[in-house]
Each structure stands twice: as C-alpha cells, then as structure tokens.
Amino acid sequence: MRKKKRIIAAGIICAVLLALAYFAAYLPFYKFGEGSYATSLKKIFSSEYIKTVAPLFIIFAVSALGIVLIVCIRKKLMSKGRNSSVYANRYSVRGAGKAPKQKLSLFMMIRWALMTAFTVFMIWGGLLSGLRNENISIPVFSCPANTVQPTEASCYFLSHLNVLFTLPIKNIIIFFVSTLLFTILLGRAMCGFLCPMGLIQDIMDKIRKKTKTKGISANEKMYSAFKPIKWFMILLFIGLCFIGGNFCDFCPAITVSPILAGLGVSLYVSGFLMIFILIGSFFKRRLFCNVCPLGYLVGLFHKVSLFRIKKDCTTCTECGACYEACPMGIKTIYTEREKADVTEANCIMCGECVKCCPEDNALSLTVAGKKLYTASRKNVMSGYAPKDH
Amino acid sequence: MITISRDQERKARQDKRFINKETQTSEKYLRRIEELPGAPEGMKAFLDVLEHIYVDMHGVDIPQRQKTIGTYCVMVPQELIYAAGAVPVKLCSGNYTAFFIGDDIAPRDACPLVKAVAGFKHTGLMPVYENCSMMIVPVTCDCKKKIAGMLGDYCDVMTMHVPTTKNDDDIDEFVDQLYDLAERLESITGNKITYDSLSAAFYKVGRAQYELSEFIKLKRQSPYLIRGTHAMTIMNAYGYMPADKWADALRSVNMSLSLRAVKGEKVTAKKLPRILLTGSPIVFPNMKIPLLIEEMGGIVAGDETCMGERGMWDPPVITDNSFDGMMRALANRSLRPCPCPTFADNSQRIYRLKQLIKENQIQGVIYHVLRGCLVYDFEYKRIEDELGKLDIPVIRLESDYNEEDVEQLRIRIEAFIELIKLRQPVEKNTNIRREL
C-alpha cells in the first residue's frame with residue numbers, strides 16, 4: 001500500500017515537472033528586451049550591468065525571505081508539539097558558544113579555491129582573457145548559453161541534441177571526445193571541484209552553518225524519493241528538445257552564469273526553480289546535485305574515472321559519521337565491509353566523508369591510486385586538543 | 001517497641017557487616033592492582049578515586065551544589081548531563097558484597113551486575129548511589145528493564161529505549177529521546193541546556209576522548225608498554241571522575257608512557273602471550289579475570305567491553321553545527337558505532353574484534369560471560385567460529401561475582417596461556433634452550 005502511494009506521488013511529481021518543463025516558455029520570471037543578449041568587458045563595468053543582474057538580486061532576495069519565513073514558521077509550529085524542546089530557545093545568544101570544529105584541512109582549502117577560481121573562469125574568463133575555445137566541452141552545469149567563456153560546458157548540447165546534430169561532423173566528434181575525456185579523467189569530481197552551481201549551493205550551506213540553523217539530516221526515505229525525480233530529470237534533459245521544449249527555460253543553472261557574465265537572458269520557470277533550489281540547498285546541502293541530470297550522467301561512468309573513494313574496511317568502526325556528512329546520502333560508504341572501493345555514481349568527491357572520519361586511514365580520496373586526502377583521527381580531534389600541545 | 005529496636009539493631013549489624021565486607025574486598029583488589037609491577041606514573045590518581053568511592057565510601061568528588069546523575073550504559077550521552085550542569089557517574093557495579101544481598105532480591109537467573117545494583121540500592125549505604133538525583137537506564141536487556149522498575153522505588157529513574165537496529169528512523173527516534181532526556185535533566189538541575197552549555201560539554205568530554213585516543217595510540221605503537229589491568233582500572237575510574245579531571249590525570253599517564261616508549265622501557269622483558277578480553281562488562285572490583293591473566297603470565301593487550309574503550313573511543317562528529325545537529329551527533333555516536341549485543345544484527349562486533357586483534361597483535365581471546373548475561377552468551381558461538389578462521393584460540397569463561405570459582409578460573413586461564421605459549425614461534429623456544 002505504502003509502495004503504491006509512493007509510486008503515485010513520484011508519478012505526480014514527474015508529471016508536474018514535465019508540464020513545467022514543456023510549458024516553461026509561457027511562465028516568464030524576468031524578461032529582457034531585444035538586443036540585450038550581448039556582452040563585453042565594457043558592459044560589465046558600466047551601470048547597465050546592474051540592470052542585467054537585477055533578476056539575480058530578485059532571486060536572492062526572494063530566497064532569503066523564504067528561508068527566514070520557513071525558519072520562523074518552523075519555530076512557531078514546533079514550539080507546541082511533542083518535540084517542543086527541539087526549537088524552544090536553545091539558540092545561542094549572539095554566537096557566544098561555538099560547537100567544536102576541526103581545523104581546516106589543506107584539501108578543503110584547495111577545493112574551495114578551485115571551485116571559486118573555476119566559477120570566475122567559467123563566467124568572466126572569456127571576457128577577461130579574450131580566450132575563447134568552443135571546441136573543448138566540460139560536462140559541468142555552467143551555462144554555455146553565454147559564448148564568452150574560454151571553454152564550453154557540455155550541458156547545452158546534451159540538452160539540445162537536435163541542435164548538435166545539425167553541426168558539422170567535426171564539431172560533433174570534438175564535442176563527444178572532449179566531454180568523454182573529461183568525464184573519464186575527472187568523473188564527478190567536477191561536481192565537487194568545478195561546478196559553479198555546486199559552489200552556490202555550498203555557499204548556502206556555509207551560511208546555514210554560520211547561522212547555526214538546523215538542516216535536514218540524512219534520511220534514506222528522502223534519498224529514495226530523489227531517485228525517480230533524478231531519472232525523470234535525465235529523461236527531460238535529453239528528450240525535451242525532441243518534443244519541442246527547451247530545457248534551458250526550465251533549468252535553474254541558467255540563472256547563474258549567463259546573467260553574471262552580462263548577458264540579458266530572459267528567465268522563465270528556471271527563475272522560480274532557482275528560488276526553490278536556493279531555499280532547499282540552505283536546509284539540505286547540495287539539494288540540486290541530488291537530482292542533477294548532467295551530474296548523474298557523468299556519474300554513470302564512475303567505474304572508469306580516476307577519482308575514487310577508498311575504504312579500509314578493517315579500520316572502520318561503522319560510526320556512520322561519513323553517512324551523516326555525505327550530501328548525497330550514500331549509505332554504502334559506512335555499511336560496506338568487504339570492498340576497498342566505495343565510489344558510487346552519486347559521489348561528487350567533496351571529501352566531506354573523509355573529513356569527518358575519525359579512524360586513521362579508514363577513508364581516503366585517491367586520484368589514479370595516489371592518496372590525496374586521508375582520514376585521520378588527529379584531524380577530527382583537533383578541536384579538542386589541549387592548547388599547549 | 002522492643003521488636004522495633006531489635007529490628008533496628010539487626011539492621012545496624014547487617015549494615016556494619018556490609019560496610020566491612022565491601023571495603024575489605026575493594027581494598028583487596030586495589031592492593032592487588034597496586035602490587036602488579038609496571039604501573040605507570042600518574043596511575044595513583046585513578047586508584048585514589050576508586051579508593052575514595054569504594055573504601056572510604058564517599059560520593060564523587062565535586063562541588064557541593066553540583067548534582068550527580070547515575071548512568072547505566074555507554075549509550076547515555078554524558079555531554080548532555082554535563083550541559084545541564086550535573087556530573088554523570090557510571091553505576092554498573094561489580095561488587096561482590098552487594099551481589100550477595102541482591103541475590104535475595106533479584107531472581108536466580110538475573111545477571112550479577114543487576115544483582116549488585118539491586119543490593120547496593122537495597123542497603124542504601126553507598127553514597128555514589130544515594131547521591132544521585134536521577135538514574136538513566138537504557139533498556140539494553142531484560143535485566144536492565146526490570147532493574148529500572150526496581151530502582152524506581154528508591155529514586156528518580158528515566159529509561160531509554162534502545163532500538164534493535166540502526167536505521168535512520170531509529171536514530172531519529174533516539175534523538176527524540178535525547179530531547180526528552182534533556183528536559184528531564186533540566187527540571188532536575190534547574191539549568192537550561194543551551195547551545196553554549198552543550199558545546200562547552202562537548203569540549204569537556206572531547207578533551208577526555210582526545211587523551212584516550214593518545215593513550216590508545218601509545219599502547220598500540222609499542223606493545224608491552226602498560227598492563228591491561230592498569231588500563232582497565234583507568235577506564236573504570238572514568239565512571240567516578242569528572243571528565244576534565246580524568247583527562248588531566250590521563251595526560252600525566254600519557255606523558256610517562258611516552259617517556260617509557262622513548263627509552264624503550266617495557267612492562268616485561270619476556271614475550272608474554274597477548275590476550276584480548278571481551279564479553280560482559282568487567283567492573284571494579286570484579287577484576288579477578290584480568291588480574292588472573294596477568295598473574296598467570298599473560299598480558300591483557302586489549303579489551304572490548306563496555307567499561308573499556310568501547311564507550312569512549314568514538315567521538316561525536318558534528319556535521320551540522322546547530323543545536324539539533326549536535327543532538328543528532330550524540331545520538332549517532334551512541335548507537336551506530338556501539339557493538340553492543342543488544343542490537344539484533346551485531347556482525348559489527350566481529351569486525352571490531354578482528355580490528356583489535358590486528359592492531360594489538362593479539363594471540364588469544366578470552367570471552368567473559370557473566371552468569372545470566374544472555375546477550376553476550378548468544379554471540380559466543382559466532383565469534384568462536386569467526387576467530388577460528390583466523391586461527392586465534394578463544395575460551396569462554398563463565399563466572400559471576402563469586403570468589404569461589406577463582407581456583408577453577410586460574411586453572412583454565414593458566415592452561416590457555418600455556419596453549420598460546422606452545423603456539424608461539426619455535427625459534428624462541430630454541431633461544432631459551434641455548435640459555436639453559
């Protein structure tokens with residue numbers, strides 16, 4: 001019975017998504033006039049840029065409002081229930097107390113630096129350097145609708161296969177070869193290291209941590225609900241162009257890079273969805289990555305990619321910290337007791353599990369067999385070390 | 001009138017006898033531990049605490065205003081108790097004298113631990129028990145469930161439901177219980193558990209865990225650095241010391257151990273058989289088995305019992321630094337890494353044992369079963385099979401808090417140690433012959 005209900009719910013969600021995606025062009029969020037679809041360095045430094053970025057400000061403002069509203073409503077609703085103590089005045093006064101925190105590791109610093117650098121590079125890189133190379137495609141959710149970046153993201157052509165096949169054969173081959181090459185070389189490490197959409201969601205998560213707000217904790221049921229949505233998103237991603245829709249009008253990622261690059265791209269459903277994603281990723285880390293079609297397509301090649309998560313099952317105590325920390329809800333990482341390789345299609349190589357693992361060498365992130373980041377008890381306990389050590 | 005005074009007189013006599021016997025046995029075991037050679041410097045602090053509690057019969061050494069909360073299992077998060085401004089004590093008892101009194105109260109097949117607790121509470125003479133403002137009893141087995149009801153006659157008791165599996169929903173449920181617990185603690189201590197007080201408590205317990213992991217690292221890196229009985233005494237003393245004091249005391253032990261390691265000093269020059277002790281909890285003063293092992297020429301190189309490393313080893317990992325995230329970290333730490341046999345599927349324990357065997361170069365495993373402790377007894381068969389595959393000898397020692405079976409145990413342990421010695425590499429034997 002319960003299963004039947006779940007199937008129906010999934011079906012309804014998928015139908016809504018399909019309707020939203022198909023009729024996206026009829027639901028405008030913010031429309032630009034003719035001729036604003038061009039950009040230059042001059043435009044970015046002029047007052048006109050503010051006009052282009054306006055929809056982004058609207059999105060951020062509405063999401064911020066939404067988050068505040070949700071937190072308030074939650075506090076109000078929960079202050080009466082059985083779990084009254086969950087939200088009843090337990091917040092710290094002006095951040096006087098600090099939850100124990102481990103020292104920032106080199107790996108995390110590099111990850112953040114790379115993500116920021118790549119976001120800048122993907123958005124303004126072309127304008128700043130003048131370099132343009134439309135031949136190399138990287139499978140990252142950073143819109144290629146702007147043609148001002150040094151490399152292209154493959155998401156445009158993957159979601160517009162009908163456009164791709166009208167191109168000369170040479171371009172098609174270059175597209176597939178470069179996309180596949182990056183997929184195999186980096187795999188989903190791109191999600192954790194390069195994706196601008198990922199950066200925005202990680203920033204939302206950082207804000208939540210700074211404000212010490214409760215998030216949504218790991219729950220199998222939630223992750224299993226994501227699964228049908230994810231598959232349907234892939235179907236939409238690839239198939240929408242053939243039935244006459246445009247995935248870009250639907251995709252929330254479009255609100256990030258083209259607008260920041262100074263292109264006046266009219267937003268349709270994607271604007272509304274971005275608000276939803278921003279609010280969602282505030283409470284649930286990397287919400288969009290859980291349903292991201294491009295990411296999962298790349299993830300399907302996880303067996304051959306160079307980035308791997310390795311586990312030493314003999315040292316694991318099954319404390320489940322990795323599972324709690326994992327933004328993608330990969331449970332096998334803590335239940336696995338035989339295999340040394342725990343890489344999964346969902347893994348975005350964010351290194352969060354390795355960071356939280358209190359057992360020496362139990363988890364490690366490797367590239368081509370070389371250990372990049374290894375779990376150590378010393379790191380996890382670093383917050384508790386006596387001062388004079 | 002006369003009968004009442006006679007009753008009172010008898011009660012006074014009984015109490016006196018109880019106190020005499022209790023202090024005597026505790027003193028005896030403390031002496032035996034002290035007499036074991038190779039105690040590290042700084043060990044005295046822990047022995048003093050045990051003496052303070054069991055021989056001098058005092059409460060836990062804390063400021064007058066502070067309340068103590070009794071806990072019965074490692075699954076009670078101590079951080080919460082510290083956050084409420086109280087101090088947790090572990091009340092699982094290993095006392096022989098109290099066990100005899102509890103024998104008449106609890107049914108014959110109840111485990112000695114529960115009988116001892118019932119005995120202590122019945123006599124009402126132990127200050128550690130009497131000072132407790134509340135007792136928290138996680139229901140990990142049938143005996144614990146019933147003892148919770150019995151204790152309810154004497155003091156405030158809160159039971160905690162321990163799930164049988166470790167799914168996400170079970171963790172959620174446990175988090176809810178922790179909130180209930182927080183509320184109870186607040187009403188007893190009068191202090192509010194806030195974000196600040198909870199994070200301060202995390203630092204307090206975390207510091208103790210930090211020292212413990214240093215201690216275990218030292219133990220692991222150079223074998224024969226410390227005797228297992230001493231390590232177990234240190235872990236037992238944790239139950240009656242505030243975490244920060246314990247951490248400071250352990251730090252001085254760590255320093256002396258690291259000095260030892262640098263100088264290459266060892267507890268013994270011989271290659272004694274390395275034995276892992278697992279199974280039912282071994283609580284002071286019921287230290288007869290580790291003492292026997294070490295007196296018979298073995299060394300307790302590791303212990304996988306509740307009173308040992310198990311409860312302290314895994315730190316709570318905060319992945320969400322809100323108040324609720326910290327509560328979840330506590331729930332997660334309490335349930336998931338715990339290889340307690342109360343969980344239906346406990347294959348985790350086998351992996352844990354294998355891990356300890358590898359880390360501490362264990363040569364034999366002694367499986368301790370308290371008479372009546374069914375859950376541990378159930379797991380013996382599977383562990384014997386699994387360790388058999390690794391070619392590690394295992395024996396099961398069933399015992400209770402009686403001292404009558406000491407000779408029997410001695411014979412069995414001696415035989416077991418001889419067996420391991422025989423299995424040791426032949427080249428060592430030839431060396432001995434040459435010396436002769």
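# A tour of chains A and B

Select chain A to begin: among its contacts between residues at least 6 apart in sequence, 71% join residues at least 24 apart. What you have open is a predicted model.

**Stop 1: chain A as a whole**

Keep chain A selected and switch on a cartoon view. Chain A holds 18 helices and five strands. Its C-alpha atoms fill a box of roughly 60 × 55 × 50 Å along the principal axes. The radius of gyration of chain A is 22 Å, which agrees with the value near 21 Å for a compact globule of 389 residues. Colour by burial if your viewer allows, and 47% of the 389 residues of chain A count as buried.

**Stop 2: the two domains**

Now colour chain A by domain. The domain assignment gives domain 1 as 26-90 + 101-303 and domain 2 as 307-380. Their centres, taken over C-alpha atoms, are separated by 26 Å. Where they touch, 25 residues of domain 1 of chain A are in contact with 21 residues of domain 2 of chain A.

Which elements of domain 1 should you select to see its side of this boundary? Try helix 5 (106-129), helix 9 (189-193), helix 11 (220-239) and helix 14 (293-299) of chain A, the elements that each give two or more residues to the side touching domain 2. Helix 9 of chain A provides the largest share, four residues. By residue type, this side of domain 1 of chain A divides into 11 nonpolar, eight polar and six charged residues.

**Stop 3: a strand pair in chain A**

Next, pick residues 307-311 of chain A, which form strand 3. Four of the five residues of this strand are buried, so strand 3 of chain A is largely enclosed by the rest of the structure. Add residues 363-367, strand 4 of chain A, to the selection: the two strands run antiparallel and are joined by five bridges. For one bridge to zoom in on, take A:Lys310, whose partner in strand 4 of chain A is A:Ser364.

**Stop 4: chain B**

Select chain B. Its secondary structure comes to 18 helices and eight strands. The radius of gyration of chain B is 22 Å, close to the 22 Å from the globule rule for 436 residues, so chain B is as compact as a globular protein of that length. The box filled by its C-alpha atoms is roughly 75 × 65 × 40 Å along the principal axes. Buried residues make up 54% of the 436 residues in chain B. Of the contacts in chain B between residues at least 6 apart in sequence, 74% join residues at least 24 apart.

**Stop 5: where the chains meet**

Show both chains together. Here 39 residues of chain A are in contact with 40 residues of chain B. On the chain A side, helix 4 (84-87), helix 15 (321-325) and helix 18 (377-380) are the elements that give two or more residues. Helix 15 of chain A gives the largest share, three residues. The chain A side divides into 16 nonpolar, 13 polar and 10 charged residues.

**Stop 6: the nonpolar core**

In soluble globular proteins, nonpolar side chains tend to be buried together. Which members of the largest nonpolar core touch the most other members? Select A:Met190, A:Cys322, B:Leu80 and B:Leu178, out of 245 residues in this core. Helix 9 of chain B (residues 195-221) supplies the largest share of the core, nine residues. At least three residues of the core come from each of domain 1 and domain 2 of chain A.

Finish by zooming in on A:Met190. Leaving aside residues up to four places away in sequence, A:Met190 touches A:Ile138, A:Pro139, A:Val140, A:Cys195 and A:Val298.

Conventions:
Residues numbered from 1 in each chain as written. Chains lettered and ligands numbered in written order. Predicted model: local features only at pLDDT ≥ 70, side-chain atom pairs only at ≥ 80, totals over all residues. Domains from an automatic or database assignment. Contact = placed C-beta atoms within 7 Å. Nonpolar A, V, L, I, M, F, W, Y, C, P; charged D, E, K, R; others polar. Core = buried A, V, L, I, M, F, W, Y, C linked by C-beta atoms within 7 Å. Buried ≥ 20, exposed ≤ 12 C-beta atoms within 10 Å, placed from the backbone. Pairing = 2+ DSSP bridges. Rg over C-alpha atoms; globule rule 2.2 N^0.38 Å.
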